[in-house]
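Colleague: Please take a close look at one single part of this model. I should then like to see how that part fits into the rest of the chain.

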Amino acid sequence: MSWAGPEDFYLSTSLASYLDRKLLVLLRDGRKLLGILRSFDQFANAVLEGACERVIVGDLYCDISLGLYVIRGENVVLIGELDLEMEELPPHMTRVSEAEIKRTFKDIKVYGAEAQKVEREATDLKGSMRKRMEFLDMD
């Protein structure tokens with residue numbers, strides 16, 4: 001077992017070890033960005049070259065090209081290096097166009113909003129029924 005000196009410890013906690021490597025960056029709003037780390041600062045602000053946003057909806061995915069991209073450090077949740085030897089996604093995932101992924105996402109969002117509205121109405125009805133039945137002693 002080799003001993004790691006203090007300079008090795010600080011280097012391992014820095015983003016310097018990720019420079020010029022392909023990374024996956026998870027942002028606070030849930031977006032996933034892929035790109036090559038070209039620069040960073042003490043606040044974890046980062047510059048990705050050849051960046052793209054990976055959008056996944058069910059078994060469909062799309063990479064939306066962003067080019068050179070600057071990320072504010074306070075929005076970063078996770079940074080990880082991608083293994084270029086491994087397949088990035090499971091084989092059941094299907095790559096689709098940007099227009100198709102947006103259409104699919106919109107459909108899911110609309111249906112999700114409708115489902116939430118119906119659930120909210122059912123909860124409100126249940127609450128109002130309980131209020132109307134308070135005169136009955138259910139205990």
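**A charged residue and its partners**

Modeller: Because its relative accessibility is 10%, Arg54 counts as buried (buried means under 20% relative accessible area, exposed over 50% and partly exposed in between, with a 1.4 Å probe and protein chains only). This is a predicted model, in which local features need a pLDDT of at least 70 and side-chain atom pairs count only at pLDDT 80 or more, whereas totals for chains, interfaces and linings use all residues. Residues are numbered from 1 along each chain as its sequence is written, and side-chain values use heavy atoms, with hydrogens and water left out.

Arg54 is located in strand β3 (helices, H or I, of at least four residues and strands, E, of at least two are DSSP runs, numbered from the N terminus). Its side chain makes a polar contact of 2.7 Å with the side chain of Asp63 (a pair of N or O atoms within 3.5 Å, where within protein one must be able to donate a hydrogen and the other to accept it, and residues adjacent in sequence count only if both atoms are side-chain atoms). Arg54 and Asp63 also form a salt bridge, with 2.7 Å between the closest N and O atoms (a side-chain nitrogen of Lys or Arg within 4 Å of a carboxyl oxygen of Asp or Glu). In general, side chains of opposite charge can pair when their charged atoms come close. Asp63 counts as buried because its relative accessibility is 18%.

Asp63 has a further partner: its side chain meets that of Arg95 in a salt bridge of 3.6 Å, N to O. This pair joins distant parts of the chain, since Arg95 belongs to strand β6 (residues 94-95) and Asp63 to strand β4 (residues 60-71), 32 residues apart. How accessible is Arg95, buried or exposed? Arg95 is exposed, because its relative accessible area is 52%. Asp63 thus has salt bridges with Arg54 and with Arg95.

These pairs belong to a wider set, for eight salt bridges are found in the whole structure. Among them, the side chains of Glu74 and Arg72 meet at 3.2 Å, N to O. Arg72 is exposed, because its relative accessible area is 53%. Elsewhere, a network of salt bridges links Asp20, Arg38 and Glu49.

The cysteines deserve a word as well. There are zero disulfides in the structure (pairs of cysteine sulfur atoms within 2.5 Å). Cys52 is in none, and the nearest cysteine sulfur, that of Cys62, lies 9.0 Å away, which is too far for a bond. Cys62 counts as buried because its relative accessibility is 3%, and Cys52 is buried because its relative accessible area is 14%.

The nonpolar residues complete the setting. The largest nonpolar core has 10 residues: Leu15, Leu23, Val25, Leu27, Leu33, Leu37, Ala46, Leu48, Ala51 and Ile71 (a core is a set of buried Ala, Val, Leu, Ile, Met, Phe, Trp, Tyr and Cys residues joined through side-chain atoms within 4.5 Å). Strands β1 (22-27), β2 (32-40) and β3 (46-57) each give two or more residues to this core. Apart from it lies another core of six residues, including Val55, Val57, Ile64 and Ile101. Leu23, which belongs to the largest core, touches several residues beyond four places in sequence, among them Tyr18, Leu33, Leu37 and Ile79 (contact means heavy atoms within 4.5 Å).

Over the whole chain there are two helices and six strands, running α-β-β-β-β-β-β-α from the N terminus on. Of its 139 residues, 20% count as buried. Of the contacts with a separation of 6 or more, 48% are between residues 24 or more positions apart.

Confidence varies along the chain. The average pLDDT is 79, and 71% of the residues score at least 70 (pLDDT is the predictor's confidence in each residue, from 0 to 100). Among the elements, β2 has the highest mean, 94, and helix α1 (residues 6-12) the lowest, 48. Over residues 8-12 pLDDT stays under 50, and the model has two contacts beyond four places in sequence for this stretch. Where pLDDT is low, the predicted coordinates should not be read in detail.
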